[in-house]
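Ready for a short tour of some backbone details? Open your viewer, show the backbone as sticks, and follow the stops below.

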Amino acid sequence: MSTNTHETTAAIGGRRLRFAWYVLLVALLAIGGYGGYLRLAEGLRATNLSSTVPWGAWVAFYIYFVGLSAGAFLVSTLSNVFEVDGMHEIEREALFVAIVSMIVALTFVLVDLGRMDRLWHPFAWRQPLSVLSWEVHAYALYIIVLSGELYFSMRRDLVARSEADDGLRGRIAGLLTLGRTETSEESLETDRTWLKRLGMVGIPLAIVFVHGGTGNLFAVAAARSYWFSALFPVIFITSAVVSGMALIALLYVLRARLGSRALDTDLLERMAALFVGFVVLDASLKVLEAFVGIYSLHPGHVESWLTIMTGEMWWSFWVVMVGLGWIAPLVLLHRRDWRRRPALVAAAGASVVLGVIGTRFNIVVPAQIEPALYGLPTGYYVPSTPEWLLSLGIVALGVLIYTIGTELLPLVPRGEIHD
Amino acid sequence: MSESEAADEPMPTIPGSSGDDSEDSEDFDDSYDEMVDVEATDPRVELEKTTYRTDLGIEMAEDARRVSRGELSSAAYWEKYDDDAATEFGDDYRETPNPAVDRDDGTIDEETAETLGCSVGSMASVAAALEASENAADAESKSDGDGDGDDPRWGMVIDLQKCVGCESCTVACKAENRTPPGVSYNVVLEREEGEYPNVSRTNVPRPCMQCEKPPCVQVCPVSATYKMDNGVVNIDYDRCIGCRYCMVACPYDARYFDFGENYDGEFDEGGEVTSPEYGTDRGPREDGESPVGNVRKCNFCHHRLERGEEPACVETCVGDARYMGDLEDTDSDVNELASSSRAFQLKEKEGTDPNVYYLK
Ligand code: SF4
Ligand code: SF4
């Protein structure tokens with residue numbers, strides 16, 4: 001058949017592309033490795049952090065990836081908890097992205113610690129009044145819940161694959177079934193029930209603890225008036241959902257283009273519409289928050305906003321956060337038929353994924369610029385080269401884990417693969 | 001180079017420590033020696049009052065001086081007198097520990113000291129013991145009590161009218177706590193107000209406030225920073241993971257991260273002693289051990305408080321602008337000053353209730 005030859009050429013093209021992709025990732029990892037070496041050799045001196053601005057790029061990336069994870073997870077619950085039609089297709093992908101994002105986020109936390117050798121201390125000593133202490137535990141629990149969900153979601157296909165495939169994939173699939181190889185309707189029902197249960201545990205966990213809590217981390221720091229607002233955790237959640245949706249939409253289109261998966265235009269449109277809705281919600285909340293802050297004329301707020309809008313990194317607000325994060329997706333997706341065009345949805349997704357990085361930087365850094373007491377030095381911070389390099393490497397690591405995952409795991413439900 | 005060496009010349013030397021001391025200093029020493037001689041008693045007369053052999057006493061004393069001058073080794077001394085002393089002093093001699101012989105560092109251990117009824121040990125332990133006994137006495141005398149017990153609540157009062165902004169406190173603190181570059185437990189903030197000709201300038205020294213409700217303690221995920229009963233907020237360098245959450249939570253920017261920088265070659269032993277503020281020497285900083293990678297801050301010179309001394313900044317203050325004491329003791333200066341109408345705390349609305357008070 002004609003489709004056969006078409007697929008063969010696609011496969012060859014695909015193989016080349018794949019090779020190039022891995023080469024690129026390894027190159028980025030090597031660059032990141034150099035950054036990591038500088039970080040290890042010089043300690044935090046390799047950064048542009050100071051006692052005035054103790055939190056910088058790595059903290060921004062950390063909350064960014066936690067947000068991405070929470071967002072992607074919430075997308076997955078649309079399928080397994082809220083049973084929105086057609087979302088099943090992207091459920092596992094969303095869960096897997098959520099897990100990888102958490103790994104990336106925690107790697108950023110690790111490199112940011114003054115004493116990396118003591119990463120385990122929060123599990124040995126606790127402090128019930130510390131949001132961070134709770135967060136660390138919530139993250140651990142969250143990763144367990146996510147993995148559990150992915151397991152129950154994939155198990156049927158893992159069993160099928162381990163039976164059909166003798167190679168590496170089959171063996172890995174066999175291991176991942178954890179020995180539960182039954183595929184009776186009854187056992188599948190158990191899987192679905194547990195999936196839903198975990199999803200229901202996961203929703204409050206992701207919203208209240210993992211991401212709302214990460215927002216709280218900042219909001220409770222009463223010393224920084226820019227953060228000290230109850231709207232802050234809420235905005236954390238909305239922008240998390242926005243970034244998670246953007247990434248899932250982008251990946252959905254990309255994987256359909258690169259692989260041989262059919263694109264469901266209705267699903268695409270539904271995702272795009274939801275996505276636009278959340279962008280609008282997120283932007284409105286931020287505008288409200290800014291209004292109240294600036295209106296107060298409180299120096300902590302006003303200075304922070306001035307820094308954001310006119311400071312050294314003004315572009316991260318105007319170009320990245322507002323331009324890429326809000327305006328671009330709204331322009332690209334404002335017409336119904338545009339929301340059905342994969343290329344436009346993917347572009348909007350990519351733009352927002354980048355835009356929210358700006359949002360995160362604008363949360364972390366500006367609040368620390370204004371000194372706590374009159375007469376103390378004013379803060380100054382732009383990330384140093386090692387900080388950028390290592391960040392690049394850690395992100396590349398995440399992408400690599402994701403890529404390998406897509407190759408080895410049945411992330412696309414069987415029966416919906418078109419072969 | 002030669003200039004700096006010349007500048008080193010007039011440094012005081014330890015009398016008699018080296019042979020080639022200048023004439024002047026020897027004359028100087030002699031005059032003191034004479035003063036001492038006036039007070040000295042005749043050893044022979046004194047020893048004859050005892051029941052022990054006078055000649056042995058004199059002989060031992062003379063040789064003891066030779067030991068201290070370094071002409072005779074301590075081991076040789078005891079070899080010479082051990083038998084004589086044993087016969088002369090009997091059981092008393094045998095049972096009394098002899099630090100010079102028993103222990104390498106020439107000290108006796110605490111237990112022995114206790115049995116002998118003499119207070120020895122490090123300054124800190126002596127002060128702690130004294131404080132404990134004082135506190136016990138206090139607790140007894142304060143039967144009604146404003147009550148919550150033995151610990152003082154250390155507080156500081158800084159009189160802004162007396163502060164001249166000389167930053168001696170900042171320097172004294174650096175010297176006392178050997179803080180590395182970028183870490184300064186104390187700073188003096190300057191504020192100029194008004195327009196010419198009505199201009200006023202206020203200097204506000206800022207140590208850590210040792211808040212009664214410290215946000216830094218509240219946020220620390222591993223309880224590495226904690227509030228002590230005596231009011232001081234401390235940091236456990238062995239537990240702190242360096243997340244710097246406490247730094248963003250402190251409303252006074254009183255915390256500093258130790259990036260591991262050193263005053264390389266700027267003074268002798270720079271970077272040698274790593275955390276004297278907790279009475280610990282953690283070896284050379286170059287090894288990157290804690291407190292490198294930790295957060296650091298003022299702790300009211302806790303090591304000095306322990307041995308009954310004021311913090312270095314208080315002791316050094318040129319204008320006598322700083323007071324240190326127990327805020328709970330109604331007789332103390334700080335208690336009185338902190339309740340005067342001039343007193344205020346920084347950022348009172350934060351609700352942190354600092355133990356550092358300022359006088360307007
Ligand atoms: S001044 Fe800052 S560091 Fe000191 S106790 Fe208060 S909050 Fe903690
Ligand atoms: S930097 Fe250290 S003391 Fe400060 S919050 Fe983190 S673990 Fe606690």
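Start by selecting B:Pro291, which sits in the loop between β6 (256-257) and β7 (295-296) of chain B. Keep in mind as you look around that this model is predicted. Now add B:Ser290 to your selection and look at the peptide bond that runs from B:Ser290 to B:Pro291: this bond is cis, and its omega is near 5 degrees.

For the second stop, select B:Tyr196 and B:Pro197. The peptide bond joining B:Tyr196 to B:Pro197 is cis, with omega near 5 degrees. Where is B:Pro197 along the chain? Look in the loop between β2 (187-193) and β3 (200-206) of chain B, and you will find B:Pro197 there.

Next, move on to phi angles. Select B:Gln210, in the loop between β3 and α11 (215-219) of chain B. Phi of B:Gln210 is near 45 degrees, a positive value in a residue other than glycine. Is B:Gln210 buried or exposed? Switch on the surface to explore this: B:Gln210 has 0% relative accessibility, so this residue counts as buried.

The last stop is B:Glu167. Find this residue in the loop between β1 (154-159) and α10 (168-177) of chain B. B:Glu167 is not a glycine, and its phi is positive, near 65 degrees. How does the surface look here? With a relative accessible area of 28%, B:Glu167 is partly exposed, because the partly exposed class lies between the 20% and 50% cut-offs.

Definitions and conventions: Residues are numbered from 1 along each chain as its sequence is written. Chains are lettered from A and ligands numbered from 1 in the order in which they are written. This is a predicted model: local features need pLDDT of at least 70, side-chain atom pairs count only at pLDDT 80 or more; totals for chains, interfaces and linings use all residues. Side-chain values use heavy atoms; hydrogens and water are left out. Helices (H or I, at least four residues) and strands (E, at least two) are DSSP runs, numbered from the N terminus. Buried means under 20% relative accessible area, exposed over 50%, partly exposed in between (1.4 Å probe, protein chains only).
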